[in-house]
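Trainee: I've got a new model open and I'd like to talk through it with you. Can we go through it one question at a time?

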Amino acid sequence: MKESVAITIIESSQTGEARRAAIALATQLGFQETERSKVGIVVTEVANNLVQHARGGVMLLRALKQHSRIGIEILSLDKGQGMVDVDKCLQDGFSTAGTLGNGMGAIRRLSGLFEIYSIPNQGTALLAHLWLDPAPHLPEKILEIGAICLPKRGEEISGDAWACEVDDCRSLLLVADGLGHGPVAASAAEAAVKIFQEHYQRSPSAIVEAAHAALRSTRGAALAIAEIDFEQQSLRFAGIGNIAASIFSFTKHYNLLSHNGTVGHEIFKIQEFSYSWYANGLLIMHSDGLGAKWQIDRYPGLSQKHPSLIAGVLYRDFNRERDDVTVLVAKGIGR
């Protein structure tokens with residue numbers, strides 16, 4: 001499941017809704033009773049924190065797949081009072097709301113991955129990963145990926161889509177935005193993903209060309225493809241339409257170039273651009289459902305966090321709400 005599920009948490013009655021949605025997803029993914037119970041506890045504690053401390057926010061749920069491993073991502077976003085001292089808030093017994101103060105500690109203990117990003121008076125983003133099985137011996141990661149893909153408010157399905165293919169030598173990432181909204185737009189975006197998966201061994205420009213032919217029977221889409229070559233420390237990029245993309249490192253920042261047009265209908269030029277890639281580089285790609293005025297350096301320390309937290313904070317603060325939105329973040333892991 002590439003698409004996220006968003007649940008607004010404003011009052012305590014919505015905690016149960018979030019828990020039921022998470023348990024349903026866990027069941028669908030094959031989680032057994034013990035693991036489902038852990039998912040339920042974490043989601044309940046996260047939702048309670050939103051109600052008690054943030055006075056509302058949103059919880060995003062997404063299925064995860066890492067090699068043969070299956071998991072659930074829980075991402076909590078709010079614009080509340082934030083935390084002055086995150087480490088202190090994580091200690092059992094600490095509370096600012098008159099509760100027992102064990103919620104954060106329970107979330108951290110039950111999660112395979114747990115991260116928080118918080119700025120006083122600006123809000124908090126909390127990330128937890130829970131896995132179906134204990135961690136097996138997995139290949140060393142060289143790229144971490146986080147993503148949010150949500151439909152326009154009032155729509156059941158997003159007209160955006162994203163995909164990735166990652167191996168030891170190179171990785172390809174796609175963001176597609178079907179023209180318009182709803183099922184017809186989703187059909188175009190899904191067709192782009194299908195072509196991407198069938199042709200991922202080819203160059204970005206060649207995949208765009210193949211998608212242009214395949215999407216003629218659809219409404220068409222904007223799309224962008226980035227290829228990261230880890231051995232050459234380079235990134236090749238080809239984009240058509242209004243998918244934005246940027247590369248960040250400790251010292252560099254590039255906005256990647258796309259050409260105007262609609263894949264499947266009218267393309268004026270398919271061109272591939274090459275950029276430097278860094279061992280600890282950060283690639284951010286997003287559809288036009290995210291406003292373009294964000295600046296990562298306005299969030300101290302955010303670039304060092306997990307890509308899902310980065311995607312979540314940008315979505316929280318720059319989501320336009322009147323359009324489908326996808327934010328895809330890839331982060332290099334230095335060896």
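Mentor: Sure, and keep in mind that this is a predicted model. Let's start with Trp294, which has a relative accessibility of 9%. The cut-off for buried is under 20%, so Trp294 counts as buried.

Trainee: And Phe248, is that one buried or exposed?

Mentor: Use the cut-off again: under 20% is buried. Phe248 has a relative accessible area of 11%, so Phe248 is buried.

Trainee: How many aromatic pairs does the structure hold?

Mentor: For a pair, the ring centres have to lie within 6.5 Å. Going by that, the number of aromatic pairs here is two.

Trainee: What kind of pair do Phe248 and Trp294 make?

Mentor: Their ring centres are 5.9 Å apart, and the planes meet at 50 degrees. Under 30 degrees would be stacked and over 60 edge-to-face. An angle of 50 degrees fits neither, so this pair is tilted.

Trainee: How many residues apart are Phe248 and Trp294 in the chain?

Mentor: Phe248 sits in strand β11, while Trp294 is in the loop between β16 and α7. The pair links distant parts of the chain, and the separation is 46 residues.

Trainee: What about Tyr254 and Tyr275, what kind of pair are they?

Mentor: Here the ring centres lie 6.0 Å apart, with the planes at 50 degrees. Tyr254 belongs to strand β12 and Tyr275 to strand β15, 21 residues apart. With that plane angle, the pair is tilted.

Trainee: Which of these counts as partly exposed, Tyr254 or Tyr275?

Mentor: Tyr275 has 13% relative accessibility, so Tyr275 counts as buried. The other ring has 26%, and partly exposed starts where buried ends, at 20%. So the partly exposed one is Tyr254.

Trainee: Now helix α7. How far apart are its end C-alpha atoms?

Mentor: The helix has twelve residues, 307–318, and we use 1.5 Å a residue. That gives an expected span of 16 Å, and the model agrees, because the end C-alpha atoms are apart by 16 Å.

Trainee: How many residues of α7 are buried?

Mentor: The helix is mostly covered. Among the buried residues are Leu309, Val313 and Arg316. Out of twelve, the buried count is ten.

Trainee: Which side chain of opposite charge is nearest to Asp78?

Mentor: Asp78 lies in strand β3 and is buried, yet has no salt bridge. A salt bridge needs the atoms within 4 Å, and the nearest opposite charge is 5.4 Å away. That side chain belongs to Arg316.

Trainee: Which backbone nitrogen does the side chain of Asp78 reach?

Mentor: Asp78 also touches other residues, including Leu50, Gln122 and Thr124. As for the backbone, its side chain reaches a nitrogen at 2.8 Å, that of Gly80.

Conventions. Residues numbered from 1 in each chain as written. Predicted model: local features only at pLDDT ≥ 70, side-chain atom pairs only at ≥ 80, totals over all residues. Heavy atoms only, no water. Helix = DSSP H or I, 4+ residues; strand = E, 2+ residues; numbered from the N terminus. Expected span 1.5 Å × (residues − 1). Buried < 20%, exposed > 50% of the residue type's maximum accessible area, 1.4 Å probe, protein only. Lys, Arg positive; Asp, Glu negative; His and termini not counted. Polar contact = N/O pair within 3.5 Å; in protein donor to acceptor, adjacent residues only side chain to side chain. Contact = heavy atoms within 4.5 Å. Lists of a residue's contacts leave out its neighbours within four places in sequence.
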